[in-house]
Amino acid sequence: MLDSANALADGLTIRPARPSDEPFLAALYRSARPDLQLIDADPELIESVVAQQYQTLQTGAGTAYPNAMHYVIEKTAANIGALVVDFGPNEVRVIYLAFIPSARGLGFGRTVLQGVQQAARQVHCPVAAVVWRSNPRARQHYIALGFQVEEAGDTAERLVWYPTAS
């Protein structure tokens, strides 16, 4: 499993999120949801919707996955991303993975997902994630890491990776 001493490739580290990380996590969520900025409304309403959606993520993850672990991803001691993952009895579920804009497209998501895959391989569980259709880059990354589409809906796909016997 992932733990506070987990160092990943590319100089990344992952640590449990702390209450003091909340401003960073809220700002990260806002930057990861440019679609919400396209709402045809005044800026105050848009900010309200963004805040509600962030709260829905936090509450929904806590309700559906009460044992989910919330992490902050760091590079050279600077916060660059977040990961929410649940190690359930039948699968490891990636609930949320996001990076600040300047850290996107640099392979850090791949590194983090490979770390999750390694942890899942140790407990002999598949890794599942839901990817929005509006995020084709994320989908490409998951597919490149061996994930397969198991369910396809109008707005999202459920992708699963199965560990191979070694």
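**View 1. Tyr-29 and Tyr-96, a buried pair of rings.** Both Tyr-29 and Tyr-96 are buried in this predicted model. Their rings make an aromatic pair of the tilted kind, with 6.2 Å from centre to centre and 40° between the planes. Tyr-29 belongs to helix 1 (residues 22–32) while Tyr-96 sits in strand 4 (residues 92–99), so this pair links parts that are 67 residues apart in sequence. If you're keeping count, the structure has 3 aromatic pairs.

**View 2. Tyr-142 meets Phe-147.** Here's another of those pairs: the ring centres of Tyr-142 and Phe-147 are 4.9 Å apart and the planes stand at 90°, so this one counts as edge-to-face. Are these two residues buried or exposed? Tyr-142 is buried, and Phe-147 is too.

**View 3. Gln-117 and the residues it touches.** Look for Gln-117 in helix 3, which covers residues 108–122. Its relative accessible area is just 6%, so Gln-117 counts as buried. Leaving aside residues up to four places away in sequence, Gln-117 touches Val-127, Leu-145, Phe-147 and Trp-161. Phe-147 may ring a bell: it's the partner of Tyr-142 in the edge-to-face pair.

**View 4. How confident is the prediction?** Over the protein chain the mean pLDDT is 86, and 85% of the residues reach 70 or more. Where is confidence lowest, and where is it highest? The low end is helix 2 (residues 43–64), with a mean of 70, and the high end is strand 7 (residues 156–161), at 96. A word of caution: predicted coordinates shouldn't be read in detail where pLDDT is low.

Note on methods. Residues are numbered from 1 along each chain as its sequence is written. This is a predicted model: local features need pLDDT of at least 70, side-chain atom pairs count only at pLDDT 80 or more; totals for chains, interfaces and linings use all residues. Side-chain values use heavy atoms; hydrogens and water are left out. Helices (H or I, at least four residues) and strands (E, at least two) are DSSP runs, numbered from the N terminus. Buried means under 20% relative accessible area, exposed over 50%, partly exposed in between (1.4 Å probe, protein chains only). Contact means heavy atoms within 4.5 Å. Rings of Phe, Tyr and Trp (its six-membered ring) pair if their centres lie within 6.5 Å; planes under 30 degrees apart count as stacked, over 60 as edge-to-face and the rest as tilted. pLDDT is the predictor's confidence in each residue, from 0 to 100.
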